[in-house]
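Thank you all for coming; I would like to take a few minutes to walk through one model with you, going from the overall fold to a few individual residues. Please keep the sequence and the coordinates open while I talk.

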Amino acid sequence: MMVRLAREDLVRPEELLEQHHEGLVATSGCLGGAVAQALLADDYARARELVARFQSVFGRDSFFIELQDHGLPEQRDVNPQLIRLARDHRAPLLATNDSHY
């Protein structure tokens, strides 16, 4: 994914986050997030890489593994793996509700 800035420069969002991460708190996101998508694709190794990457950008205490339970079968499959990721990476857990505005 690329972000177009006002000057028409193309910048990768990861680069922006690396430059401006101070004071931010981040989560792994819902089922549509990169970590959950890796787990849904049965790629635990990729999910581990993503968590490590996010922790390196935001810091261990500022990147949370997000858990949601809306009764979806995919969440029942992914949540135990997210808990395992949190334990493996000593990442804090955060229970949320999937709301969009």
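Let me begin with a term, since the next statement depends on it: when I say that two residues are in contact, I mean that they have heavy atoms within 4.5 Å. With that understood, and bearing in mind that this is a predicted model, residues 24 or more positions apart account for 64% of the contacts in the protein chain with a separation of 6 or more.

As for the overall layout, the protein chain has four helices and five strands, and, read along the sequence, these elements follow the pattern β-β-α-β-α-α-β-α-β. Of the 101 residues in the protein chain, 31% are buried, and the chain exposes about 6700 Å², of which carbon and sulfur atoms supply 52%.

Let me turn to the sheet. It is an open sheet formed by three strands in the order β3-β4-β5, and the pairing is parallel. The edges are taken by β3, residues 26-27, and β5, residues 93-95, and each of these has a single partner strand, so one side of each is left without a neighbour in the sheet. Between β3 and β4 there are two bridges, and Thr-27 is the residue that stands opposite Phe-64 in β4.

Two helices lie across this sheet. Helix α3 lies across β3 and β4 and runs at about 135° to β4, while helix α4 lies across β4 and β5 and runs at about 160° to β4.

Which residues touch the most other members of the largest nonpolar core? This core has 20 residues, and the ones in question are Val-35, Leu-39, Ile-65, Leu-82 and Leu-85. The elements that give two or more residues to the core are α2 (34-40), α3 (44-58), β4 (63-67) and α4 (73-89), and the largest share, six residues, comes from α3. If we take Leu-39 as an example, and leave aside its neighbours within four places in sequence, Leu-39 is in contact with Tyr-44, Ala-47, Val-78, Gln-81, Leu-82 and Leu-85.

I would now like to spend some time on three residues with polar side chains, starting with Glu-66, which is placed in strand β4. Is Glu-66 buried or exposed? With a relative accessibility of 9%, Glu-66 counts as buried, because the cut-off for that label is under 20%. The side chain of Glu-66 reaches the backbone nitrogen of Gly-29 at 3.2 Å. Glu-66 and Ser-28 are 38 residues apart in sequence, yet their C-alpha atoms are 5.4 Å apart in space. Beyond its neighbours within four places in sequence, the contacts of Glu-66 include Thr-27, Cys-30, Leu-82, Leu-94 and Thr-96.

The second of these residues is Gln-68, in the loop between β4 and α4, and Gln-68 is buried as well, with a relative accessible area of 5%. A polar contact of 3.2 Å joins the side chain of Gln-68 to that of Thr-96. Not counting neighbours within four places in sequence, Gln-68 is in contact with several residues, among them Cys-30, Gln-75, Asn-79 and Asp-98.

That brings me to the third, Asn-79, which sits in helix α4 and is buried, with a relative accessible area of 15%. Setting aside residues up to four places away in sequence, Asn-79 touches Leu-67, Gln-68 and Asp-69. From Asn-79 to Glu-66 the distance is 8.8 Å, C-alpha to C-alpha, with their positions 13 residues apart in sequence.

Finally, a word on the backbone, where two loop residues deserve a look. Most residues other than glycine have a negative phi. Asp-42, in the loop between α2 and α3, has a positive phi of about 60° although it is not a glycine, and Asp-42 is exposed, with a relative accessible area of 70%. Arg-90, in the loop between α4 and β5, likewise has a positive phi, here about 50°, and at 62% relative accessibility Arg-90 also counts as exposed.

Note on methods. Residues are numbered from 1 along each chain as its sequence is written. This is a predicted model: local features need pLDDT of at least 70, side-chain atom pairs count only at pLDDT 80 or more; totals for chains, interfaces and linings use all residues. Side-chain values use heavy atoms; hydrogens and water are left out. Buried means under 20% relative accessible area, exposed over 50%, partly exposed in between (1.4 Å probe, protein chains only). Accessible areas come from the Shrake-Rupley method with a 1.4 Å probe; for residues, only the protein chains shown count as cover. A nonpolar core is a set of buried Ala, Val, Leu, Ile, Met, Phe, Trp, Tyr and Cys residues joined through side-chain atoms within 4.5 Å. Two strands pair if DSSP finds at least two bridges between them. Axes are lines fitted to C-alpha atoms, for helices over the stretch in contact, and angles run from 0 to 180 degrees between N-to-C directions. A polar contact is a pair of N or O atoms within 3.5 Å; within protein, one must be able to donate a hydrogen and the other to accept it, and residues adjacent in sequence count only if both atoms are side-chain atoms.
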